[in-house]
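Reader: I have a model open at the bench and some of the labels puzzle me. Could you walk me through them?

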Amino acid sequence: MTGDPNCPGVDPSPPGDPSPGPAVLDAHLVVDRGTFRLDLPLTIRPGEVVALLGPNGAGKTTALRALAGLLSLTGGHLSLAGRHLDHPGRRIWTPTEQRPIGVVFQDYLLFPHLTALDNVAFGPRRQGLDRQRARQRAADWLTRVGLAEQARRRPRHLSGGQAQRVALARALAVEPALLLLDEPLAALDARTRLDTRAQLQRHLADHPGATLLVTHDLIDAVVLADRLVVIEQGRVVQMGDVATVTAQPRTDYVARLVGLNLHRGRADGHRVLLAGGLHLVTGDRHEGEVLVAFAPSAVALHSVRPDGSPNSWPATITGVHRHGDNLRVQLDGPVTVAADVTPGAAAQLRPAPGRTLWAAVEAAETRVYPASAVPTG
Amino acid sequence: MSRPDLVTVTPARSAPPPQSRRTGRIPVALLLPAALGLVFLVLPLAGLLIRTPWSTLPQRLTEPGVLTALRLSVQAATLATLLCLVLGVPLAWLLARIDFPGRRLVRALVTVPLVLPPVVGGVALLLVFGRRGILGGWLDSAFGFTLPFTTAGVVLAEAFVAMPFLVIAVEGALRGADVRYEEAAATLGAGRWTTFTHVTLPLVAPGIAAGAVLCWARALGEFGATITFAGNFPGRTQTMPLAVYLALETDLEAAIVLSLVLLTVSVAILASLRDRWLGSS
């Protein structure tokens with residue numbers, strides 16, 4: 001793929017860019033901070049919502065701060081809506097207040113001394129609107145997020161969900177080319193989260209600009225985003241549409257996130273030799289280095305060796321905990337896997353740490369895909 | 001078996017809560033000096049009240065000298081506080097937010113007037129702003145403007161001594177304030193000045209108010225630097241502390257009355273502001 005012809009001088013899009021359409025955000029974020037290095041190619045098209053997922057310390061916040069201009073790049077480039085905002089190689093730097101962005105911070109950071117209305121009017125005022133017009137625009141936005149009646153309240157008199165919506169209205173009221181959301185639902189309780197997530201989804205669908213959602217919650221990402229970018233230790237480990245990433249995890253972190261067992265191995269037709277020395281018969285045919293994924297619910301536990309199952313191995317229980325309606329059993333053996341058993345099955349098996357059982361997985365329940373592929377969508 | 005249960009439960013319920021039980025165990029080694037310290041602080045004030053000539057008080061209070069000195073004191077302390085606010089808040093912001101070389105040295109310099117004997121401060125002010133001083137000579141010859149031994153001199157001397165109180169209080173408030181609000185303002189398009197006036201100042205307003213109260217109280221009681229730099233001219237530079245000191249040599253009762261007025265004004269101001277800004281216990 002080639003670079004966007006509308007943005008001369010911009011580096012070619014990174015390999016694996018999902019679409020040749022003109023990107024509103026075209027960035028390669030490189031930030032060196034001592035031993036940590038963020039190296040993240042990122043393009044987002046107008047109207048697209050990209051979720052940046054990763055464990056703590058992966059560099060999600062660093063990426064967000066670099067995009068917002070609260071941190072400068074040490075390499076790479078950042079251009080937004082055709083404007084170069086940060087390009088250390090060419091000594092280009094745009095301060096935060098001149099960037100066409102809106103940010104919803106994790107704990108919202110609503111100004112405590114201003115009413116909800118004046119919080120939302122703050123951005124339009126800075127864009128040169130007079131007080132009355134800015135307040136009018138703010139009132140419109142508060143109506144859109146369903147908070148017209150709370151306009152005169154101070155932030156401390158708003159509930160968590162209301163504060164989140166005011167923060168969203170405040171960020172959108174400046175009509176940003178790029179909307180940045182930093183764990184926008186993390187501060188909410190489970191019930192409010194559900195409602196707020198649904199509303200957020202609606203507002204993001206209406207937002208004509210690009211949206212980057214920083215989160216470590218897979219559900220937020222799956223519900224809100226069109227595309228996932230997963231980073232670990234400052235580097236992209238996987239990116240693509242939601243279905244591909246959740247079906248074919250490429251790292252242990254992603255596998256844990258989507259709740260799958262993931263093993264690396266060497267395939268020879270329908271047989272895969274896993275790293276632990278275990279042979280698995282699989283449904284898919286492959287050759288060479290592969291990844292094998294299967295759900296914990298696909299792992300069956302037996303107290304004696306099951307007859308007729310080619311994929312069974314002795315496993316020792318290392319832990320048992322509740323998982324939804326089932327029990328999740330952590331197993332050690334030639335391979336480490338998690339297995340879900342129903343309460344009924346658990347009553348018969350009596351899984352307790354230290355006990356040795358037989359684990360089995362059906363060939364048809366496994367998914368095999370090449371390990372060497374470039375992480376693409 | 002229910003009756004024995006009741007018997008054991010009831011005394012536990014009626015037993016005093018642990019907090020009040022603990023008061024009986026305050027060590028004497030702490031209680032005694034604490035009580036002595038309190039007496040030491042309160043006794044002189046009580047002495048003032050005991051020796052106050054209550055019968056002649058109304059007539060003494062209306063003596064022209066008292067009101068003149070009081071008015072001058074309040075005016076000078078207020079002007080000095082305003083001067084400290086105008087210069088001290090930006091200085092505190094600089095110290096709290098900008099990482100410039102020599103910041104630690106600047107912070108140390110700011111606190112020097114705090115530990116300097118005020119008389120020495122007065123002498124130093126004379127050397128700079130006096131008629132033959134480094135700046136004072138130029139001010140005098142260029143504008144015919146003299147500071148020493150004027151009311152403006154009183155304000156200057158008081159501001160010199162009181163400003164560190166304000167700067168330290170405001171810098172502490174700025175350091176305690178969450179800078180992420182300023183980042184949020186920047187993402188909404190606010191430059192540094194707008195962020196300062198629209199976000200930072202409102203956020204640290206309680207800290208500024210507390211600093212201003214401390215500053216005002218210090219300025220009101222200023223003696224050493226004022227008498228050295230501004231002299232002791234009734235109606236022009238004679239503030240309440242100076243009047244008290246002077247009266248002490250001639251008329252003890254007058255000194256007591258003046259002290260009582262000063263005490264009343266300071267306590268009234270502090271008490272009225274304490275609940276709003278200084279935080280009550």
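Author: Sure, starting with the packing: the buried residues of α10(B) touch α1 (60-68), β7 (101-104), α2 (116-126) and α4 (160-172) of chain A, along with α5 (64-97) and α11 (192-220) of chain B. Contact here means heavy atoms within 4.5 Å. This is a predicted model, where local features need pLDDT of at least 70, side-chain atom pairs count only at pLDDT 80 or more, and totals for chains, interfaces and linings use all residues. Residues are numbered from 1 along each chain as its sequence is written, chains are lettered from A and ligands numbered from 1 in the order written, and side-chain values use heavy atoms, without hydrogens and water.

Reader: What makes helix α10 of chain B mostly covered?

Author: Seven of its eight residues are buried, meaning under 20% relative accessible area with a 1.4 Å probe, protein chains only. Among them are B:Y181 and B:T187.

Reader: How do you know where α9(B) has a kink?

Author: The bend is the angle between axes fitted to the seven residues ending at a residue and the seven starting there. At B:A162 that angle is about 40 degrees, shortly before the proline B:P164.

Reader: Why are β12(A) and β13(A) called paired?

Author: Two strands pair if DSSP finds at least two bridges between them; twelve join β12(A) to β13(A), so they pair, and they run antiparallel.

Reader: What makes β12 and β19 of chain A edge strands?

Author: In the open sheet β12-β13-β19 of chain A, each of those two pairs on one side only.

Notes:
Helix = DSSP H or I, 4+ residues; strand = E, 2+ residues; numbered from the N terminus. Buried < 20%, exposed > 50% of the residue type's maximum accessible area, 1.4 Å probe, protein only.
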